[in-house]
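Reader: I am new to this structure and would be grateful for a close look at a single part of it. Please concentrate on the aromatic side chains and their surroundings.

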Amino acid sequence: MTQTFSRPLGLLLALALCACFGTVRNVAADPVAVSSTAIPFHPTLPDRRKAGKLIWRGGLELKSQVAAFGGLSSLLVSDDLSRLTAASDDGQWFQAKLTYDSNGRLTGLSDAAMIPITGLNGQPLRDKGERDAESLTRHASGDLLVSFERNHRVWRYPADPFTNKKAPTALPTPLPLTTTFGNGGIESLVTLKDGRVLAITEAQELRGGANQVAAYLWDGKAPKGDKTWAGLRFQREGKFKPTGAARLPGGDILVLERSYTPIIGVAMRLRRIAEADIGPGKTLKGEELAVIRPPLAVDNMEGIDVKRGPEGETLVYLLSDNNFNIIQRNLLLLFELED
């Protein structure tokens, strides 16, 4: 969701919150110079390494002079932990190489490249209402599924859009989303262990549900019209709203949530939802694992992925969307999940 935040009062003044297949064009990936600066978990307490069940494994602030860089709202990391792929809410794919020190701490990012996200006609998406990509998951087939807001939909792309320029195909859109406007649509897409795909909206509120938003479940097989998606609910708590999701190795999922208040600023929370609790008609609640607020390293966190580390540990990668706002940051954070 495109939403800008001010820093907490006393640091900065509050700012206003924003607001047929064809021939595929042979668009080459553009190398982009991105600086990656290591940041501490706490600005004045260098030994602070833990929040809830998350253990700090390094963080980077990403910057570039390229105007199209930013707005990174989703995240996938390769199984060997060497590369990341992200989609931006300004219609760009982003890839880069990740580097680590001998202790497995995230230390840098290099070999970055960008390429436009294409539409069903194979051409780059031009209109903001069309290119607002918000979430990303790898389908059981290996293909990528991307959800878009404003014009709410889910499209299926090749496994690596940088090497395969084939135009995407469209999945049927859940019927209630076709009448939803604005940018409160699907912010979280995650493929479950059995191949089903869970989609959670950020702000499609449901009648009769106190602070509940719509979620949808697809069996992951061939689309069958609107019946592709079964309905369920996600229970929001407090001011936190869901912005991303990823599957744990055992099959449960992590849901990333974000909140904002003028006094505290932006914060994030992680909740764990049991795989067995995910089904048509159910309400998703889950267990809180961690809350991160300033002065700890946090921003508008929207991207999340989970991977096994070299020692069998569970690694959680988090990425922030700076909304192209000078007082927000592109952060890439790495944690180990305490099991």
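Author: Rings of Phe, Tyr and Trp, the last taken by its six-membered ring, are counted as a pair if their centres lie within 6.5 Å. The model examined here is a predicted one. By the rule just given, the count comes to seven aromatic pairs. One of them joins Phe41 and Trp56: the ring centres are 4.9 Å apart and the planes meet at 20°, so this pair is stacked, given that planes under 30 degrees apart count as such. The partners come from distant parts of the chain, 15 residues apart. Phe41 belongs to the loop between strand 2 (35-39) and strand 3 (50-51), while Trp56 belongs to strand 4 (residues 54-63). Because buried means under 20% relative accessible area, Phe41 is buried at 2%, and Trp56 is buried at 3%. Together with Phe335, Phe41 and Trp56 form one aromatic cluster.

Aromatic rings also take part in another kind of arrangement, with a charged side chain over the ring. Arg153 lies over the face of Phe148, at 4.0 Å from the ring centre. Arg153 also lies over the face of Trp155, where the distance to the ring centre is 4.2 Å.

A further arginine, Arg258, has a polar partner: its side chain makes a polar contact with the side chain of Glu202, at 2.5 Å. Glu202 is placed in strand 14 (residues 197-205), and with a relative accessibility of 0% Glu202 counts as buried.

Methods:
Residues are numbered from 1 along each chain as its sequence is written. This is a predicted model: local features need pLDDT of at least 70, side-chain atom pairs count only at pLDDT 80 or more; totals for chains, interfaces and linings use all residues. Side-chain values use heavy atoms; hydrogens and water are left out. Rings of Phe, Tyr and Trp (its six-membered ring) pair if their centres lie within 6.5 Å; planes under 30 degrees apart count as stacked, over 60 as edge-to-face and the rest as tilted. Helices (H or I, at least four residues) and strands (E, at least two) are DSSP runs, numbered from the N terminus. Buried means under 20% relative accessible area, exposed over 50%, partly exposed in between (1.4 Å probe, protein chains only). A charge sits over a ring if NZ of Lys or CZ of Arg is within 6 Å of the ring centre and within 35 degrees of the ring normal. A polar contact is a pair of N or O atoms within 3.5 Å; within protein, one must be able to donate a hydrogen and the other to accept it, and residues adjacent in sequence count only if both atoms are side-chain atoms.
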